[in-house]
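Biologist: I would like to go through some of the labels used for this structure. Please set each value against its cut-off.

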Amino acid sequence: MKLLEKLKGIEKAAIKEIIDGGSLDEMEKARVKYLGRKGALTSAIKNMKHVAKKDKPRVGKLINELKQKMTALIEEKERGFREQEQVLFENNDATLPGIKREVGHKHPLIKTMEDIIDIFVRMGFKSVDSPEVETDFYNFEALNIPKNHPSKETFHTFYVEGGKLLRSQTSTAQIRIMEKYKPPLQVIHAGKVYRPDAVDASHSFMFYQIEGFMVDEGIVFSDLKGVLEKFAKEYFGQDVKMRFRPHYFPFTEPSAEVDISCFICEGKGCRVCSYKGWLEILGAGMVNPRVFEFVKYDPSKYTGFAFGMGIDRISMLKHGIDDIRLFYENDVRFLKQF
Ligand code: DAH
């Protein structure tokens with residue numbers, strides 16, 4: 001029977017089309033194509049008049065079953081697509097809080113460095129750059145640390161190719177700048193220094209220092225005291241006291257080590273200040289006239305002061321950090337706290 005074969009063909013094509021269909025639109029197209037007014041199944045029904053009378057109930061039943069089957073299949077697929085749309089819609093709810101993206105921030109040492117520089121810049125100091133790979137002249141000789149001088153041991157140094165070295169102090173910037181410019185100078189330089197020290201809670205082979213100096217006619221020790229006191233009060237708090245202890249540095253004469261009263265216990269004595277009530281924060285002094293000779297300044301005309309401090313140490317004191325290695329291990333659990 002021709003019509004039966006035709007119906008089988010329609011069934012096969014329709015089911016494949018519905019199953020393969022990937023959207024609500026495609027389901028609607030299949031509905032129109034097979035079940036619509038001009039659809040394949042509808043025209044098959046119209047052909048019923050050519051079917052022999054005895055076959056009519058069987059063919060009629062078949063057409064009905066086919067119609068139900070196709071309708072059910074289309075509806076099932078449509079339900080699936082609607083659910084999918086719903087899920088997508090819910091996931092796209094614009095009122096839901098967004099996914100928080102972690103934005104990085106500055107490393108605590110860089111923040112400390114910038115805060116310190118900022119204070120000196122406000123006092124009129126100019127922040128400059130200076131190389132990390134240096135020569136013996138800038139790291140030692142011009143800073144009045146002669147070859148074989150015992151003080152050279154304090155600044156033991158990494159040597160690199162071509163007779164160069166990794167600077168062990170930022171005092172090199174004094175020479176670099178004075179060599180290039182004439183007084184008056186009021187300069188600050190911060191950066192990395194390197195020393196082949198065994199790494200422990202208070203030593204790192206690389207750390208940060210900040211160097212400051214001021215050179216002009218008539219600069220005196222009280223200028224140094226004034227500038228440092230202003231810095232200490234700005235950075236550690238207005239109640240902080242300062243003291244200068246005599247010390248030796250080859251590039252300054254006289255030299256001093258500078259302490260501030262412990263801002264944690266206010267001088268009473270605690271774990272941070274090792275029960276001394278004082279915290280050492282920097283080295284300083286009046287620029288040694290011999291240094292001026294190396295940079296061809298007239299020592300009878302100019303005087304100046306210089307100071308240098310460890311940024312790591314200042315940051316550790318300020319934030320109560322007890323191990324310098326934390327700065328360099330890149331552990332976000334630590335870094336996130338600042
Ligand atoms: N460069 C010294 C150091 O690394 C610190 C220092 C001390 C710098 C005294 C100075 C200074 O400018 O006057 O230990």
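Modeller: The model is predicted. To begin with the ligand, one of its oxygen atoms is 3.3 Å from an N or O atom in the side chain of Gln 174.

Biologist: What makes that a polar contact?

Modeller: A polar contact needs a pair of N or O atoms within 3.5 Å, so the 3.3 Å at Gln 174 qualifies. The 2.6 Å between a polar side-chain atom of Glu 211 and a ligand oxygen is also within that limit. Ala 306 takes part through a polar backbone atom, 3.1 Å from an oxygen atom of the ligand.

Biologist: How much of the ligand does the protein bury?

Modeller: The ligand taken alone exposes 350 Å², and 92% of that is buried by the protein.

Biologist: Which strands supply at least two residues each to the shell around the ligand?

Modeller: Strands E6 (206–216), E9 (278–287) and E10 (303–310) do. The shell residues divide into 6 nonpolar, 8 polar and 2 charged.

Biologist: Turning to Glu 78 in helix H4 (residues 56–91), why is Glu 78 called buried?

Modeller: Its relative accessible area is 7%. Buried means under 20%, therefore Glu 78 is buried.

Biologist: What does the side chain of Glu 78 make a polar contact with?

Modeller: The partner is the side chain of Arg 31, at 3.1 Å. Glu 78 also touches Leu 24, Met 27 and Glu 28.

Biologist: Which helix gives the most to the largest nonpolar core?

Modeller: That core has 48 residues, and Phe 307 is one of those with the most contacts inside it. Helix H8 (residues 221–236) gives the most, with 7 residues.

Conventions
Residues are numbered from 1 along each chain as its sequence is written. This is a predicted model: local features need pLDDT of at least 70, side-chain atom pairs count only at pLDDT 80 or more; totals for chains, interfaces and linings use all residues. Side-chain values use heavy atoms; hydrogens and water are left out. Buried means under 20% relative accessible area, exposed over 50%, partly exposed in between (1.4 Å probe, protein chains only). Contact means heavy atoms within 4.5 Å. A polar contact is a pair of N or O atoms within 3.5 Å; within protein, one must be able to donate a hydrogen and the other to accept it, and residues adjacent in sequence count only if both atoms are side-chain atoms. A nonpolar core is a set of buried Ala, Val, Leu, Ile, Met, Phe, Trp, Tyr and Cys residues joined through side-chain atoms within 4.5 Å. Helices (H or I, at least four residues) and strands (E, at least two) are DSSP runs, numbered from the N terminus. Accessible areas come from the Shrake-Rupley method with a 1.4 Å probe; for residues, only the protein chains shown count as cover. Ala, Val, Leu, Ile, Met, Phe, Trp, Tyr, Cys and Pro count as nonpolar, Asp, Glu, Lys and Arg as charged, and the others, Gly among them, as polar. Lists of a residue's contacts leave out its neighbours within four places in sequence.
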